[in-house]
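The following exercises concern the overall build of a protein chain and the empty spaces inside it. Please study the sequence and the structure before attempting each task.

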Amino acid sequence: MKQSKRTVSSPIGDITVIRIENASGAWVELSSLGAGIIGVGVPDRKGKIDNVALAYADPLDYIADGPCLGKCPGRYANRIAGGRLEVGGRKYQLAVNCGPNHLHGGPEGFQNHIWRLKELDGGVEFSYQSAAGEENYPGNLSVQAIYRWNDDHELTLEFYAETDAETVVNLTNHAYWNLNGDGSGTALGHEMRMKASAWLPTDDSLVPTGEFEDVTDTPMDFREFKQLGRDIEKDFPALRYGKGYDNCWAIDGWRPGCMSKDAVVICARESGRMMTVDSDQPGVQIYTGNWLCGSPLNRFGRSYNDYDGVAVEMQGFPDAPNRPEFPSQTLRPGEEYRRIIRFTFGIMPEGLI
């Protein structure tokens, strides 16, 4: 396994970019800014290696970008209704930074800080110390995001967190994927399958109502392979609210601490590439890049257009701190938060779709 690194100066400190290349030449690039994925180069059916993770040309452009491209948001990924939070009997008001709601930990969040890094054999450990009161969350929180890349084209991300006071935690990665290559245009032709028989309906601000709805006979049904764009223009409330998919599904058969194999599988017929996502998270937020237009410039010298990539965010449910019917995202002193997400890249077997 080959590893190299470079450092880029920025207004908030030096950003370190780590590149890890496996025996076949497939590679990943990771950034200390937001513990981010800023490139994944894997072969297509003809063996041509190309980047399949949307990326900006300039590492500095990841600072405070709207799409949160490739980074790990926190302390609480996704939305908290009205920014209202109650922990240990005490109420907290978080920043409202997405319509009427709190999103991805607030205006700064974990994603806009430089994490400390430690190089591992075939991987990187990023760590961040979130002080009590940061973004008005309670508790000093210690966080690690550990990436590992191997010769089987598996990118594994493990999150760990500990706190000295009761708090809430929800960590994920916000990479956008285009399996035809990051400059190939729309990802709506990709076909996706999910192990999810129920989704979480929301209000018009994309906060869950607390219900679980059957996906049967709705545009939310991806239990069999279906193009991301097939139903995206249907007259359906969730699709109108978000201008496309920006919704959370409940993973079938989820149990705490157990990995769900093939939770999400995405294929691109043009390149033949396939991405399989395994995780022990209870939900997945699928976001079809509905507001990518106007993003910082990529390596092709242009902004991405809407729908040029799809984010697969394995996570706890949005607004779970205010929804006791959802799996708890509360973390207490003496407990360890541990979550795993594994992205595996390969070639579509014949007859898969």
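**Exercise 1. The chain as a whole**

How many helices and how many strands are there in the protein chain?

*Solution.* Note at the outset that the model is a predicted one.

Step 1. The protein chain holds one helix and 26 strands.

Step 2. Its radius of gyration is 19 Å, close to the 20 Å that the globule rule gives for 353 residues, so the chain is as compact as a globular protein of that length.

Step 3. The C-alpha trace spans about 60 × 50 × 40 Å along its principal axes.

**Exercise 2. Burial, contacts and surface**

Determine what percentage of the residues in the protein chain is buried, and describe the contacts and the exposed area.

*Solution.* Step 1. Of the 353 residues, 59% are buried.

Step 2. Consider the contacts with a separation of 6 or more: 66% of them are accounted for by residues 24 or more positions apart.

Step 3. The chain exposes about 13,800 Å², and 46% of this area is supplied by carbon and sulfur atoms.

**Exercise 3. The cavities**

State how many cavities of 30 Å³ or more are counted, and characterise the lining of each.

*Solution.* Step 1. The count comes to two cavities of 30 Å³ or more.

Step 2. The largest cavity contains about 40 Å³ of space. Its lining includes Leu 200, Thr 202, Asp 246, Asn 247 and Cys 248. By class, this lining divides into five nonpolar, four polar and one charged residue. Strand β20 (residues 246-250) gives the largest share of it, three residues.

Step 3. The second largest cavity contains about 30 Å³ of space. Among the residues that line it are Gly 74, Arg 75, Phe 110, Glu 134 and Glu 135. Here the classes are two nonpolar, four polar and three charged residues.

**Exercise 4. One lining residue**

Is Asn 247 buried or exposed, and which residues does Asn 247 touch?

*Solution.* Step 1. Locate the residue: Asn 247 lies in strand β20 and belongs to the lining of the largest cavity.

Step 2. The relative accessibility of Asn 247 is 0%. The cut-off for a buried residue is under 20%, and therefore Asn 247 counts as buried.

Step 3. Leaving aside residues up to four places away in sequence, Asn 247 touches Trp 199, Met 220, Ala 238, Val 284, Gln 285 and Ile 286. One of these, Gln 285, also lines the largest cavity.

Step 4. Finally, compare sequence with space: Asn 247 and Val 207 are 40 residues apart in sequence, and their C-alpha atoms are 9.2 Å apart.

Terms used: Residues numbered from 1 in each chain as written. Predicted model: local features only at pLDDT ≥ 70, side-chain atom pairs only at ≥ 80, totals over all residues. Heavy atoms only, no water. 1 Å grid on protein atoms, 1.4 Å probe; cavity = no way out; pocket = protein on both sides within 12 Å on 5 of 7 lines; lining within 4 Å. Points joined across faces, edges and corners; volume = space filled by probe spheres on them. Helix = DSSP H or I, 4+ residues; strand = E, 2+ residues; numbered from the N terminus. Nonpolar A, V, L, I, M, F, W, Y, C, P; charged D, E, K, R; others polar. Rg over C-alpha atoms; globule rule 2.2 N^0.38 Å. Buried < 20%, exposed > 50% of the residue type's maximum accessible area, 1.4 Å probe, protein only. Contact = heavy atoms within 4.5 Å. Areas by Shrake-Rupley, 256 points an atom, 1.4 Å probe, with all protein chains shown as cover.
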